[in-house]
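Subject: Handing over a structure, with notes

Dear colleague,

Please find the structure below, passed on to you for a first look. My notes follow it, and I would be glad if you read them with the structure open beside you.

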Amino acid sequence: MTILGEGNTPLIEAPRLSAELGARVHVKCESLNPTGSFKDRGMAFAVGRAVERGAHTVVCASTGNTAASAAAYAARFGVRAVVLTPEGATATAKRAQARAVGAHVVELEGTFDDALRCCRELAQEDGFELVNSVNPDRLDGQATLVPELVEQLGTAPDLIALPYGGGGNSSAIALGIERAGIATKLLGGEARERPTTFASAIRIGEPAHAENIDRLRESGRLEVVTLSEDEIRDAWLALARAEGVFCEPASAAGLAALRRSRPVEGALVVCVVTGHGLKDAGAVPEDDRPTVAPTVAAILEAIA
């Protein structure tokens with residue numbers, strides 16, 4: 001049973017990217033969850049269980065997607081959501097989503113890390129519960145991606161590529177892989193310019209799950225690739241223009257990592273697209289071409 005229809009997201013083949021990379025590439029469209037991001041899988045668990053424990057307020061720090069998701073599920077369960085965002089670091093659409101469903105959105109002077117610290121302190125108040133990915137219920141929910149993938153593919157993938165911001169999703173998927181008893185490896189793409197990257201959803205200076213990510217890397221279960229802004233941007237445009245998948249820039253970090261590391265020939269690979277492109281439409285360059293006369297000749301000249 002789902003709460004808002006989370007999960008069961010489409011898995012599509014990516015023939016042009018497969019030809020480019022020499023692998024069997026699929027795209028898992030987590031961007032088609034109810035609020036437009038992968039956060040909904042875990043948030044359904046986290047908010048629901050918080051309510052069972054008697055919480056009247058859920059709190060989160062967010063660069064945007066967590067805010068929108070926590071706010072929506074709080075509204076659904078009839079509790080209050082308090083969202084702390086870093087000053088100037090959150091895409092407008094994501095803040096609008098959170099406000100539209102009634103969340104208290106508070107912009108803080110400082111970074112995401114400052115916001116998360118404040119949320120941890122707020123969560124000590126009676127009836128308040130933190131629903132960032134440091135909450136184990138979030139990881140339980142997000143881990144459900146793995147059995148779903150195996151069912152859709154009919155087998156376990158060789159590799160799952162995804163963005164690496166705070167590390168919560170990588171940790172959750174690693175948990176899902178362990179529970180499923182499969183040997184799938186993980187590949188994470190992080191921004192070199194973490195605190196300032198244009199890929200706002202992974203604009204996190206100090207990953208909350210860094211210790212677990214280090215353990216996964218040391219065990220050989222996860223490889224992390226550090227990416228330039230151009231590499232993320234090129235992968236973002238490639239997903240849209242080669243496969244028709246419009247995602248927010250951060251969502252393409254897994255593909256960017258895959259392009260850099262190059263998969264084994266013929267490997268079965270899944271790129272997890274974590275957020276919809278409309279979440280950060282402002283990242284798309286403006287079209288500065290002039291208007292044209294309403295004639296076929298003028299149109300043909302404009303598109304030549």
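Just after helix H11, Arg-262 takes a positive phi of about 60°, although Arg-262 is not a glycine. Please keep in mind throughout that this is a predicted model, and that the values in this message are computed from it.

Arg-262 belongs to the loop between H11 and S10, and with a relative accessible area of 42% it is partly exposed. A second residue other than glycine with a positive phi is Asn-8, where the value is near 50°. Asn-8 is found in the segment before strand S1, which spans residues 11-13, and it counts as exposed because its relative accessibility is 65%, the cut-off for that term being over 50%.

Going back to the helix itself, H11 covers residues 253-261, and its buried residues include Ala-253, Gly-254, Leu-255, Ala-256, Ala-257 and Leu-258. What lies over these buried residues of H11? The cover includes helices H1 (15-21) and H10 (229-243), together with the strands S7 (159-163), S8 (185-191), S9 (222-227) and S10.

The next residue I would point you to is Asp-280, which is placed in the loop between strand S10 (268-273) and helix H12 (296-303). Asp-280 is buried and yet has no salt bridge. The nearest side chain of opposite charge is that of Lys-94, at 5.5 Å, which means that it falls outside the limit of 4 Å used for a salt bridge. Which side chain, then, makes a polar contact with the side chain of Asp-280? That partner is Ser-200, at 3.4 Å. Once the neighbours within four places in sequence are left aside, Asp-280 is in contact with Ser-200 and also with Ala-91, Phe-198, Glu-248 and Pro-249.

Phe-198, one of those contacts of Asp-280, also appears in another setting, since Arg-233 lies over the face of its ring, at 4.2 Å from the ring centre. A similar arrangement involves Tyr-164, whose face has Arg-194 lying over it at 4.6 Å from the ring centre. As for rings paired with one another, the structure holds one aromatic pair.

With best wishes

Technical notes. Residues are numbered from 1 along each chain as its sequence is written. This is a predicted model: local features need pLDDT of at least 70, side-chain atom pairs count only at pLDDT 80 or more; totals for chains, interfaces and linings use all residues. Side-chain values use heavy atoms; hydrogens and water are left out. Helices (H or I, at least four residues) and strands (E, at least two) are DSSP runs, numbered from the N terminus. Buried means under 20% relative accessible area, exposed over 50%, partly exposed in between (1.4 Å probe, protein chains only). Lys and Arg count as positive and Asp and Glu as negative; His and the chain ends are not counted. A polar contact is a pair of N or O atoms within 3.5 Å; within protein, one must be able to donate a hydrogen and the other to accept it, and residues adjacent in sequence count only if both atoms are side-chain atoms. Contact means heavy atoms within 4.5 Å. Rings of Phe, Tyr and Trp (its six-membered ring) pair if their centres lie within 6.5 Å; planes under 30 degrees apart count as stacked, over 60 as edge-to-face and the rest as tilted. A charge sits over a ring if NZ of Lys or CZ of Arg is within 6 Å of the ring centre and within 35 degrees of the ring normal.
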